[in-house]
Amino acid sequence: MKSIIVLIFTALSLSVLSGCVMMPGGVAASSTPINGRDYVELGRASETDSRVYLLWFLPVTGANTIRDAINEAVDSRNGDALINVTVESYSQWWVLFSRHVTRVEGEVIRFR
């Protein structure tokens with residue numbers, strides 16, 4: 001009986017140490033000034049950039065930046081910029097590590 005109580009307590013403790021949260025980021029008209037320049041829309045793109053932490057505070061992967069996510073989204077369609085940009089982020093916590101992710105979505109454009 002005592003081992004079952006220990007097992008239940010351990011399972012509950014581990015579930016308390018894990019979780020997820022989603023945070024709104026922002027909305028922008030474009031990732032770079034358009035200034036009346038003519039462009040063509042290449043399609044919608046969505047990319048992420050993330051960082052993983054060991055024991056929730058020791059970084060083990062590269063930086064988590066909006067700029068990198070925007071550049072990946074633009075490059076995915078061989079464009080120059082994004083319009084109608086939305087940004088959101090979320091975090092996941094597990095027993096030994098955590099992961100923080102930034103997601104960027106928008107219409108990729110190419111200037112003429």
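Start by selecting Val27 and Thr86: Thr86, in E4, is the bridge partner of Val27. Keep Thr86 selected and add Glu105, its bridge partner in E5. The E labels are strands of at least two residues, and the H labels are helices (H or I) of at least four, both taken as DSSP runs and numbered from the N terminus.

Before going on, a word on what is on screen: this is a predicted model, in which local features need pLDDT of at least 70 and side-chain atom pairs count only at pLDDT 80 or more, while totals for chains, interfaces and linings use all residues. Residues are numbered from 1 along each chain as its sequence is written, and side-chain values use heavy atoms, with hydrogens and water left out.

**The sheet**

Now show the strands as a cartoon. Five of them form an open sheet, in the order E1-E4-E5-E2-E3, with antiparallel pairing. At the edges are E1 and E3 (58-59), each of which pairs on one side only. Two strands count as paired if DSSP finds at least two bridges between them. Strand E1 (residues 19-30) and E4 run antiparallel and are joined by 10 bridges. E4 and E5 also run antiparallel, with 11 bridges between them. One spot to click here is Gln92, which stands opposite Arg99 in E5.

**Ser89, in E4**

Select Ser89, which sits in strand E4 (residues 81-93). What does Ser89 touch, leaving aside its neighbours within four places in sequence? The list is Val21, Met22, Met23, Val101 and Thr102, where contact means heavy atoms within 4.5 Å. For a longer reach, draw a line from Ser89 to Ser13: their C-alpha atoms are 26 Å apart, with these positions 76 residues apart along the chain.

**Around the turn**

Follow E4 to its end, where a hairpin of three residues joins E4 to E5. Val95 is in this loop, ahead of strand E5 (97-111). Val95 has a relative accessible area of 33%, so it counts as partly exposed; the class lies between buried (under 20%) and exposed (over 50%), using a 1.4 Å probe and protein chains only.

Widen the selection to Leu54, Leu55, Phe57, Leu58, Val60, Trp94, Val95, Leu96 and Phe97, and you have a nonpolar surface patch with about 840 Å² of accessible area together. Patch members have over 30% relative accessible area and no salt bridge; like charges are joined within 9 Å, and nonpolar side chains (Val, Leu, Ile, Met, Phe, Trp, Tyr) within 5 Å. A salt bridge is a side-chain nitrogen of Lys or Arg within 4 Å of a carboxyl oxygen of Asp or Glu. The areas come from the Shrake-Rupley method with a 1.4 Å probe, and for residues only the protein chains shown count as cover.

**His100, in E5**

Next, go to His100 in strand E5. Its side chain makes a polar contact of 2.6 Å with that of Ser91, and the side chain of Ser98 gives another at 3.5 Å. Beyond four places in sequence, His100 is in contact with residues including Asp49, Tyr53, Asn64, Tyr90 and Trp93. Val52 is 48 residues away along the chain, yet its C-alpha is 6.5 Å from that of His100.

**Two asparagines to finish**

Most residues other than glycine have a negative phi. Asn35, in the loop between E1 and strand E2 (39-54), has a positive phi of about 50°. Asn35 is exposed, at 68% relative accessibility. Then select Asn78, in the loop between helix H2 (66-76) and E4, where phi is near 55°. Asn78 is exposed too, at 59%.

Terms used:
Polar contact = N/O pair within 3.5 Å; in protein donor to acceptor, adjacent residues only side chain to side chain.
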